[in-house]
Amino acid sequence: MNNKVLSERDICTKYIIPALKQAGWDIHSQVREEVTLTQGRVIVQGNMCKRGRQKRADCILYYKHNIPIALIEAKDDTHAVGSGMQQALQYAEMTDIPFAYSTNGSGFLEHDRTGLGRTVEKELAMDAFPSPGNLWERYCAWKGLDAASRTVVEQDYYVDAGGKRPRYYQLQAINRTIEAVAKGRQRILLVMATGTGKTYTAFQIIWRLWKAGTKKRILFLADRNILVDQTRTNDFKPFGQAMTKIQHRQADTSYEIYLALYQAISGTEEEHNIYKQFSPDFFDLIVVDECHRGSAAEDAAWHDILSYYGSAVQIGMTATPKETRYVSNINYFGEPLFMYSLKQGIEDGFLAPYKVVRFDFDKDIMGYRPEKDKKDKLGQEVEDRIYNQKDFDRAMVLEQRTELVARKVTEFLRQTDPLAKTIIFCEDVDHAERMRQAMVNHNPDQAARNPRYVMRITGDNPEGKAELDNFIDPESIHPVVATTSRLMSTGVDAQTCKLIVLDRIINSMTEFKQIIGRGTRIREDYGKYYFTIMDFKKATVLFADPDFDGEPVQVYIPGEEDPPVPPDDETGEEESGHESPEEDEGGCPEGSGESSGIVYPDAPGRRIRYVVDDVPVHVVAERVQYYGRDGRLITESLKDYTRKKARSEFQSLDAFLKTWSGADKKKALMEELEERGVFLDALAQEVGRDYDAFDLICHVAFDRPPLTRRERAENVRKKDYFSRYGEKARAVLDALLDKYAQEGITSIEDPNILRVQPFDRLGTPMEIIELFGGREAYQNILRELEEELYQAA
């Protein structure tokens, strides 16, 4: 057989697999083909979205099914042996794989990333591929694993009945941690963005160390009951009868896996320090979830617990490591062993991108100064000073401001999805209650159908807390809107949350990232691909902070009369001290049951709060901002932005025309441009839907007058281009031009177009293709037709 006609898949089947078998690889347990690494970034265009390209490795080799050690990229025989090496190295770096190979079926090119070999790259004959034992020995030398360490590292991970496997980055975190523990490291920090599976990763780490017999008693610490309960019933369920939750301040030493709320095993009084009922060496592994919330502070209760169990291996997990003058995760755990950022999660398509709708209110910008002798609705004389955004809903309550926020949120929900799960973050418990009332009053129809449409979910309200599970349950419709302050900012797995409302001052980057993380999960089965942030207190200025690593796809700032839904064409850290993990701002402990009414001036030790109901508040300012793929704020117009992006891709009009005409499939080129940040659909909405991508770019980027698709189609007809074909063939070409004018160039490139009207009246697809002399001749005709359409350019 002529190898030149073989595809990449043919090369894999006929050459790579036999070579691997000959080298001693077990094809069923050690070799995986077409391995999907990423899901493909979610590209948002207006209210529509689609997936970008997935990253997929041709072949990955495993010493054991949890230890990938080699990666192979195949090319057909028209390419050189090493043509796939750059792609192989990209994937090898992503997956922590040390040995990368490229092949075209005539031989292998090996790249050794360990730095231990004599040469980095060398060619191998097809019958000289290394054996599993050979690569494993080289892998262990690279990792510094001795015989004792290998026993731990080789322990399999847990495989459930559904065949769930760790994602590529989870496998990296798991394997790096197992290797570090096997080599004697005592403190480990893993940083993984919210929604990327920290708890599942922790489970696999614990499972392997437990099954290997290296760690026999394990403590999993969290600071919220919901985190412990979710962990116990979901990811940690396979531990079964070996697992318990420490509660009722009782210590039972008969289990192996312990889950605990740190508040439940410690306290300010010695008799409350239940953790001391276990001996200091009882646990040999401790995993601290959301470790940014306390263990980093030397005077925090977690620190006391971790110090008591000082001989245990301690693993801290967080999406947001805390580093300030007072607290430091890195100082305690060391530099992160592994990091997976929000930006990377969005890029890989595992996390949801988001839009931002920003509102500027007149009183927020200009401030509010009460007139002389002004009294609030409670009869208090209001202090004469200028109140600004930092005062509102704290020292000064403008009730009409709360009403305006509720109205804008309601407008957004009604124009998009009234049943979209929504979290409104407020300043404190009182603000959350006022916001609940305002949302109920603006949604009387929904509240009449179900009184749980809006719920205040704060720690002081048992009725609201009881609805938390229903809110985060994708199957449960109600509650739809949750007003809260701090309780839902961390660890609440609200997978279907589509709207996050920020009506609270946020100065802490750690807290900001945690709040944004409430919406970053993707649930395709519920239509959740992206989410929206409505910002009423300038919290999203933190996007511009270099410490933030996940850019929004769109920032929209509507005017007073503008709808809150973005149009289709839009696309300094101050810590608040040592946080009390279950306490709402304003001094109301989550779960304390303390009421959250208005604060009167004579209340001892409490701040004065004025409540004013007769001051109007309006939306002001209207501008649009974008965040590019590099995370930087883009303030120019969509046209200027497109011009800049297009000209960065094509140095001149001739370069663009050459690329366009040379593209076999215009759809593939258009998708590539969109992935690089040229928003064609949004641009069409602004410039005109009658222009196709070719004219949009020529016009916006290179100042050429555009032609509509219909004008281009009519120009082809005027040339009498069809005269050399028979009547039926001319009818097909005429219908293709009509389809182009109506839908664009990608429609006529799709072979399925011959199955729809009016083509189905002209014959079957095969009959139509035969009118032009066969499939190859038909493809040539399509290329000629495209050339005629764009010839004037």
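# Exercises on a predicted model

Pro-479 lies in the loop between H18 and E21. The model used here is a predicted one.

**Exercise 1. Which form, cis or trans, does the peptide bond from His-478 to Pro-479 take? Then find a second proline to set beside Pro-479.**

Step 1. Read omega for the bond from His-478 to Pro-479: it is near -5°. The bond is cis.

Step 2. Go to Pro-758, in the loop between H27 and H28. The bond from Gln-757 to Pro-758 has omega near 0°. That bond is cis too.

**Exercise 2. Which residues of strand E21 are buried on each side? Then list the partners of E21.**

Step 1. Locate E21 at residues 481-484.

Step 2. Sort the side chains. Val-481 and Thr-483 take one side, while Ala-482 and Thr-484 take the other. All four are buried, so both faces of the strand are covered, given that buried means under 20% relative accessible area.

Step 3. Look for partners. E19 (residues 421-425) pairs with E21 in the parallel sense, over four bridges. Within this pair, Phe-425 is bridged to Thr-484.

Step 4. E20 (residues 454-456) also runs parallel to E21, joined by three bridges. Here Met-455 has Ala-482 as its bridge partner.

**Exercise 3. At what angle do the axes of H26 and H29 cross? Describe the contact as well.**

Step 1. Find the helices: H26 spans residues 727-743 and H29 spans residues 775-789.

Step 2. Take the geometry. The axes come within 12 Å and cross at roughly 50°.

Step 3. Classify the angle. The two helices are therefore oblique to each other. The crossing is right-handed.

Step 4. Name the residues in contact. H26 supplies Leu-733, Leu-736, Leu-737 and Tyr-740. H29 supplies Tyr-778, Ile-781, Leu-782, Leu-785 and Leu-789.

Step 5. Count by class: nine nonpolar, no polar and no charged residues.

**Exercise 4. Where is Leu-762, and which residues does it contact beyond its sequence neighbours?**

Step 1. Place Leu-762 in the loop between H27 (745-749) and H28 (765-770).

Step 2. Check accessibility. Leu-762 has 22% relative accessibility, so it counts as partly exposed.

Step 3. Compare sequence and space. Leu-762 and Ala-729 are 33 residues apart in sequence, yet their C-alpha atoms are 9.2 Å apart.

Step 4. Set aside neighbours within four places in sequence. Leu-762 then contacts Lys-728, Ala-731, Val-732 and Ile-768.

**Exercise 5. In what order do the six strands of the open sheet stand? Find the edges too.**

Step 1. Read across the sheet: E1-E4-E5-E6-E7-E8, with mixed pairing.

Step 2. Find the edges. E1 (31-36) and E8 (121-124) each have a single partner strand, so one side of each has no neighbour in the sheet.

Step 3. Note the twist, which averages 30° from one strand to the next.

Step 4. Examine one pair. E4 (residues 56-64) and E5 (residues 67-74) run antiparallel, with five bridges. One of these links Cys-59 to Ile-72 in E5.

**Exercise 6. Is Glu-34 exposed or partly exposed? Do the same for Asp-373, and give phi for both.**

Step 1. Glu-34 is in strand E1. Its phi is near 50°, a positive value in a residue other than glycine. Its relative accessible area is 33%, so Glu-34 is partly exposed.

Step 2. Asp-373 sits in the loop between H13 (362-366) and E18 (396-398). Its phi, near 60°, is also positive. With a relative accessible area of 54%, Asp-373 is exposed.

How values were computed:
Residues are numbered from 1 along each chain as its sequence is written. This is a predicted model: local features need pLDDT of at least 70, side-chain atom pairs count only at pLDDT 80 or more; totals for chains, interfaces and linings use all residues. Side-chain values use heavy atoms; hydrogens and water are left out. Axes are lines fitted to C-alpha atoms, for helices over the stretch in contact, and angles run from 0 to 180 degrees between N-to-C directions. Angles under 35 degrees count as roughly parallel, over 145 as roughly antiparallel, 65 to 115 as roughly perpendicular and the rest as oblique. A crossing is left-handed if the near helix is turned anticlockwise from the far one by less than a right angle, and right-handed if clockwise. Contact means heavy atoms within 4.5 Å. Ala, Val, Leu, Ile, Met, Phe, Trp, Tyr, Cys and Pro count as nonpolar, Asp, Glu, Lys and Arg as charged, and the others, Gly among them, as polar. Buried means under 20% relative accessible area, exposed over 50%, partly exposed in between (1.4 Å probe, protein chains only). Two strands pair if DSSP finds at least two bridges between them.
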